[in-house]
Amino acid sequence: KVGDLSYENDHYRVLINPDATVASLITCKGGRELIESGNGFGNTLKAFSAEDTSLHFSATGEPEISTGSVAQVFRVVGAVGSAKVQQTIMLYHHLPRIDFILTFDFEDTVFGNYWQDESKLNVYWPIAPREKIDHDIPFGVIPGRQERSFFATSWVRLGSTKTGLAFFHRGTNRFWVRRNVLANVLACGVIGRDIGTRAWPELYV
């Protein structure tokens, strides 16, 4: 069911579905919803196969939830197409952050078209606050734009001057935004059944 796991600390309230997607994320200060629920769920993994078939993350078992002195941990395993995935979500008791740890096994996996970011393996976040996009670059910060790919060195922020969602990453740095849905390109594999963040262009005859 939607919002299978409910968690709250002094900074936010979050509802997480059994497949690790985020149904709701509300700030405790101001009570602002950060996820635009009518536009999908946060932390949605999606790609297209080489045959242009839409692929989504599908859990292969029930999620495991454990609680420690530092955080509550949500873990679920599944797959996107033939790629095996383990998702771990860290909900810290005293911090205004949530960690999403994605572990992939890409053996013999093909995703997407090299020229189309939307066809690759992406993680999506529909953001409710709408005003501006900012991201860092080496030694600075610049604005981003809808419908245009950009490279964020370590973080992206969508929202207003008062409320927004900041996405910090430790993986690939390619992002794009469409209709206020933030997408981070995670991987693409096209030729030779290889997977990665780089690929040779396809050959067209």
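User: Before turning to single residues, how are the strands that bound a loop assigned and numbered?

Analyst: Strands are DSSP runs of at least two residues, numbered from the N terminus. In this predicted model, H169 is found in the loop between β15 and β16.

User: Is H169 buried or exposed, and on what grounds?

Analyst: The general idea is a threshold: buried means under 20% relative accessible area, and exposed means over 50%. H169 has a relative accessibility of 11%, so it counts as buried.

User: Which residues does H169 touch?

Analyst: Once residues up to four places away in sequence are set aside, H169 touches A152, T153, S154, W155 and F175. In addition, a polar atom of the H169 side chain lies 3.3 Å from the backbone oxygen of T172.

User: Where is S160 found, and which residues is it in contact with?

Analyst: S160 is found in the loop between β14 (155–159) and β15 (164–168). Its relative accessible area is 14%, and therefore S160 is buried. Neighbours within four places in sequence aside, S160 is in contact with P129 and E131.

User: How should one read a nonpolar core, and which residues touch the most other members of the largest one?

Analyst: In soluble globular proteins, nonpolar side chains tend to be buried together. Here the largest nonpolar core holds 39 residues, of which V80 and W125 touch the most other members. The strand that gives the most to this core is β8 (residues 83–92), with 4 residues. Another core, of 5 residues, lies apart from it; Y124, W176, V181 and A183 are among its members.

User: Which residues is W125 in contact with, beyond its neighbours within four places in sequence?

Analyst: The contacts of W125 are V22, I35, G42, N43, F100, L165, F167, N180, V181 and L182.

User: N180 appears in that list. What is its phi, and where is it found?

Analyst: N180 has a positive phi of about 65°, although it is not a glycine. N180 is found in the loop between β16 (174–178) and β17 (181–187). Its relative accessibility is 5%, so N180 counts as buried.

User: What is the phi of E147, and is this residue buried or exposed?

Analyst: E147 is not a glycine, yet it has a positive phi of about 65°. E147 lies in the loop between β12 (140–143) and β13 (150–151). Its relative accessibility is 51%, so E147 counts as exposed, whereas N180 counts as buried.

Technical notes:
Residues are numbered from 1 along each chain as its sequence is written. This is a predicted model: local features need pLDDT of at least 70, side-chain atom pairs count only at pLDDT 80 or more; totals for chains, interfaces and linings use all residues. Side-chain values use heavy atoms; hydrogens and water are left out. Buried means under 20% relative accessible area, exposed over 50%, partly exposed in between (1.4 Å probe, protein chains only). Contact means heavy atoms within 4.5 Å. A nonpolar core is a set of buried Ala, Val, Leu, Ile, Met, Phe, Trp, Tyr and Cys residues joined through side-chain atoms within 4.5 Å. A polar contact is a pair of N or O atoms within 3.5 Å; within protein, one must be able to donate a hydrogen and the other to accept it, and residues adjacent in sequence count only if both atoms are side-chain atoms.
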